[in-house]
Amino acid sequence: MKMRATAAVLGLGLGFWLGLGAALAEQKTAVLAGGCFWCVEKDFEAVPGVTSVVAGFAGGTTANPTYKQVTAGGTGHYEAVQITYDETRVSYADLLERFFRSVDPTDGGGQFCDRGDSYRTAIFVNGPAERAAAQAASAKAEQQLGAPIVTKILPSGPFYAAEDYHQDYYKRGDIIITRFGPRTKASAYKLYRAACGRDARLSQLWGPDAVGN
């Protein structure tokens, strides 16, 4: 009886680790730069199959940069997000198609009202399969828009999470002082996004296929 019980426990333990390994194998990450990372985070967190979105920085040479350092210039970093997703529920290609419809990939100087190198668009790829998928998505976007796509496809490197106060900015309830007076971060985000013209430009570019709001 004792041997059978031990075998059963070992079987359960093996099943747990095999199941955990399979679940982890299905979890992939994608790093995308689409201008303001608050907006990109919001646009992807509700996608079925996406398990987390972290706002941060990628593509530069400065380790552990701060938001002020990146926006001041000289770090080489883009504002970016790291998306963790279940590839059995949403594919990398689907994420890339959604990404292009959430940005202006024809603008090489920034995104919407946010100008400068840190606000440019980019896709950070791991290996030839992801590069091929990014190139295909870019070509499709170029055909749909009838204009050159300037979104860069770059090799993946270190991703650095931004400060805590930037995470989930679009839905936070803490109060900040804005030019409109005291506002929650969530309401300040909505005012910023509207004033920046992001969704208006996306509608102009992509029509009903635009991702936003």
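The following exchange examines how several descriptions of this predicted model are justified.

Me: What makes a residue or atom pair eligible for description here?
Reply: In this predicted model, local features need pLDDT of at least 70 and side-chain atom pairs count only at pLDDT 80 or more, while totals for chains, interfaces and linings use all residues. Residues are numbered from 1 along each chain as its sequence is written, and side-chain values use heavy atoms, with hydrogens and water left out.

Me: How confident is the predictor in the protein chain, and where does pLDDT stay under 50?
Reply: pLDDT is the predictor's confidence in each residue, from 0 to 100. The chain has a mean of 91, and 88% of its residues reach 70 or more. Residues 16-22 stay under 50, and the model has zero contacts for them beyond four places in sequence; contact means heavy atoms within 4.5 Å.

Me: Why are H2 and H6 called roughly perpendicular?
Reply: Helices (H or I, at least four residues) and strands (E, at least two) are DSSP runs, numbered from the N terminus. Axes are lines fitted to C-alpha atoms, for helices over the stretch in contact, with angles from 0 to 180 degrees between N-to-C directions. The axes of H2 (residues 37-45) and H6 (residues 185-196) cross at roughly 105° and come within 11 Å. Angles under 35 degrees count as roughly parallel, over 145 as roughly antiparallel, 65 to 115 as roughly perpendicular and the rest as oblique. The two helices are therefore roughly perpendicular. Trp38, Cys39, Lys42 and Asp43 of H2 make the contact with Tyr189, Tyr192 and Arg193 of H6.

Me: What makes H2 largely enclosed by the rest of the structure?
Reply: Buried means under 20% relative accessible area, exposed over 50%, and partly exposed in between (1.4 Å probe, protein chains only). Seven of the nine residues of H2 are buried, so the helix is described as largely enclosed. The buried residues are Phe37, Trp38, Cys39, Val40, Glu41, Asp43 and Phe44.

Me: Why is the pair of Phe37 and Phe57 called tilted?
Reply: Rings of Phe, Tyr and Trp (its six-membered ring) pair if their centres lie within 6.5 Å; planes under 30 degrees apart count as stacked, over 60 as edge-to-face and the rest as tilted. The ring centres of Phe37 and Phe57 are 5.7 Å apart and the planes lie at 50°, so this pair is tilted. The pair joins helix H2 to strand E2 (residues 50-58), across 20 residues. Phe37 and Phe57 are both buried, and together with Tyr67 they form one aromatic cluster.

Me: How do you know that the pair of Trp38 and Tyr169 is stacked?
Reply: With 3.8 Å centre to centre and 5° between the planes, Trp38 and Tyr169 form a stacked pair. Trp38 in H2 and Tyr169, in the loop between strand E8 (159-161) and strand E9 (175-178), are 131 residues apart. Both residues are buried.

Me: Why does Gly59 count as partly exposed?
Reply: The relative accessibility of Gly59 is 47%, so this residue counts as partly exposed. Gly59 lies in the loop between E2 and helix H3 (67-72).

Me: What makes Asn64 exposed and Phe112 buried?
Reply: Asn64 has a relative accessible area of 60% and is therefore exposed, whereas Phe112, at 12%, counts as buried. Asn64 has a positive phi of about 50°, and Phe112 has a positive phi of about 60°. Most residues other than glycine have a negative phi.
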